[in-house]
Amino acid sequence: MRPDMRALLGSRRYLAFWLGQVTSTVGNQLTVVVLAALVVPDRGPGVFGLVLAVESAFMGVLLLAGGVVADRYSRSTVMAVADVLRLAGIVGFLLFASEGPLAPLLVAAAVTGAGAALYEPAHRAALTQVVPEELRQQAYALDVSTKRIGSMAGALLAGLMLAGISPPKTLLVDVATFVVSLITLVWLRLPPVRAAVDAGEAGDAGGMREGEPGGLRGMLTEAREGLVEVRRRPWVSVLMLQGTVQVFFLFAPNYILVPMVSQTRYGLNAFGWVSAATLAGSVVGSLLGGRVSSSRPGLWAMNALAPCVLTPVCLAVDVPLWMFCLAGAAGSAGVGCFMVLWYSSLQKEFPERVQGRVFALEGLASFGLQPIALAVTPVLVRFVGVASFAVLAAVVLLVSTYGVLAVPGTARFATRTRSVTEVSVKPSPRG
């Protein structure tokens, strides 16, 4: 084990933070699988899709507000409140998923989406309070890989449990995961960022400065401040736009096209192999991203994204299953590496007091159009065909990946020149 990773895992505060993330990720994926088992047999796939749409919509609408709250209050407290909201949503699913009026089920989905909107920005931004700067890139690498492994573990756990016990009892396991997450967050007790930065100037538990506007006006003012911080850095703005474009034309459509094409060409079990390869690639890529040390991390990140073009190629051309799996693994590895370099660079670039809003804007820009893309992809494919759509996706990916390098600061992922002068990958010590 490398010394930096050993130091990271030796921190009790980080281990508590990481354990909470692991259990939360497993619980989230378990909820999705079990909710389908509860809703689809009795209410049909249309209602299940509506539940997911409501949850996604509330998360998207409230995400920026979640970033404001994460910067104003204790981030561990915000995550704990988010877990309580998601617990309330799970109770709603238990009561109304299979029977009863539809409205309470949709309210439960809305509450769950609101909890996710609170949790995600606070979680991303809280890492800077838990881990020293020299270990944050490695922490982001472990964060990204853990989310991939945790999602897969949650899906597998749900499948195994559903084979032996009823869906409502399986969903109770999800309740236990959120209880574990709550315990770790209560123990962590991070101070409000403003209280820490201003050396007590904030004064109260909320972290607001005297004379600042409160309520909705105050939240809108703070949201605007986050937007201003991003606009001052054109390379950040253009990379957020890149995320919007690539999710719309490539990553969201892949959720539909990859299982559809793989099952049609190779059989019903083929998508399982493709999914496994994609997961493995993501884990490897994120761990490698934690080892990159470069004066131009943005250039490394763009080169890492380039192999994502292989999946559209395999959608357009009939290739063997092993090649399809290899393409998925290579592209997912690139995305994992990109995310580690991107998140750690955002953390270095922006003041800690605005990072909740920055990460909220990043999430909103990257995934705000995902529901629309999922809705229009089947229509577009019906008119132009899979091959033509895949070619368009490949062209958009390459142009948007390397076109952003023309914007100053993108190659360095920084407004100012970093102190690192050499490009290297940190070697692992022997033994």
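Helix H3 passes helix H5 in a right-handed crossing, a crossing being right-handed if the near helix is turned clockwise from the far one by less than a right angle, and left-handed if anticlockwise. The model is a predicted one, in which local features need pLDDT of at least 70 and side-chain atom pairs count only at pLDDT 80 or more, while totals for chains, interfaces and linings use all residues. Residues are numbered from 1 along each chain as its sequence is written, and side-chain values use heavy atoms, with hydrogens and water left out.

**Helix H3 and its contact with H5**

- The axes of H3 (residues 45-72) and H5 (residues 102-130) come within 6 Å and cross at roughly 35 degrees; axes are lines fitted to C-alpha atoms, for helices over the stretch in contact, with angles from 0 to 180 degrees between N-to-C directions.
- Helices (H or I, at least four residues) and strands (E, at least two) are DSSP runs, numbered from the N terminus.
- By class, the contact of H3 with H5 has 21 nonpolar, four polar and two charged residues; Ala, Val, Leu, Ile, Met, Phe, Trp, Tyr, Cys and Pro count as nonpolar, Asp, Glu, Lys and Arg as charged, and the others, Gly among them, as polar.
- Asp71 is placed in helix H3 and counts as buried at 0% relative accessibility; buried means under 20% relative accessible area, exposed over 50%, and partly exposed in between (1.4 Å probe, protein chains only).
- From C-alpha to C-alpha, Asp71 and Glu222 are 9.0 Å apart in space, although 151 residues apart in sequence.

**Aromatic pairs and charges over rings**

- The structure holds nine aromatic pairs; rings of Phe, Tyr and Trp (its six-membered ring) pair if their centres lie within 6.5 Å, and planes under 30 degrees apart count as stacked, over 60 as edge-to-face and the rest as tilted.
- One pair is edge-to-face, because the rings of Trp235 and Trp342 have their centres 6.3 Å apart and their planes at 80 degrees.
- Trp235 lies in helix H10 (residues 234-266) and Trp342 in helix H14 (residues 321-349), so this pair ties together parts that are 107 residues apart in sequence.
- Both Trp235 and Trp342 are buried, and they form one aromatic cluster with Phe338 and Phe413.
- The charged end of Arg86 sits over the ring of Tyr119, 4.4 Å from its centre; the criterion is that NZ of Lys or CZ of Arg is within 6 Å of the ring centre and within 35 degrees of the ring normal.
- Likewise, the charged end of Arg233 sits over the ring of Phe350, 4.3 Å from its centre.

**Residues with positive phi**

- Most residues other than glycine have a negative phi.
- Arg189 has a positive phi near 50 degrees; this residue lies in the loop between helix H7 (167-188) and helix H8 (193-197) and counts as exposed at 68% relative accessibility.
- Phe413 also has a positive phi, of about 50 degrees; this residue is found in the loop between helix H17 (386-403) and strand E2 (424-425) and is buried, with a relative accessible area of 0%.

**Helices H6 and H15**

- Ser145, in helix H6 (residues 136-162), counts as buried at 3% relative accessibility.
- The C-alpha atoms of Ser145 and Val284 are separated by 7.8 Å, with their positions 139 residues apart along the chain counted as their sequence distance.
- Helix H15 (residues 355-367) has 13 residues and should span 18 Å at 1.5 Å a residue, which agrees with its end C-alpha atoms being 18 Å apart; the expected span is 1.5 Å times one less than the number of residues.
- Ten of the 13 residues of H15 are buried, including Gln355, Phe359 and Ser366.
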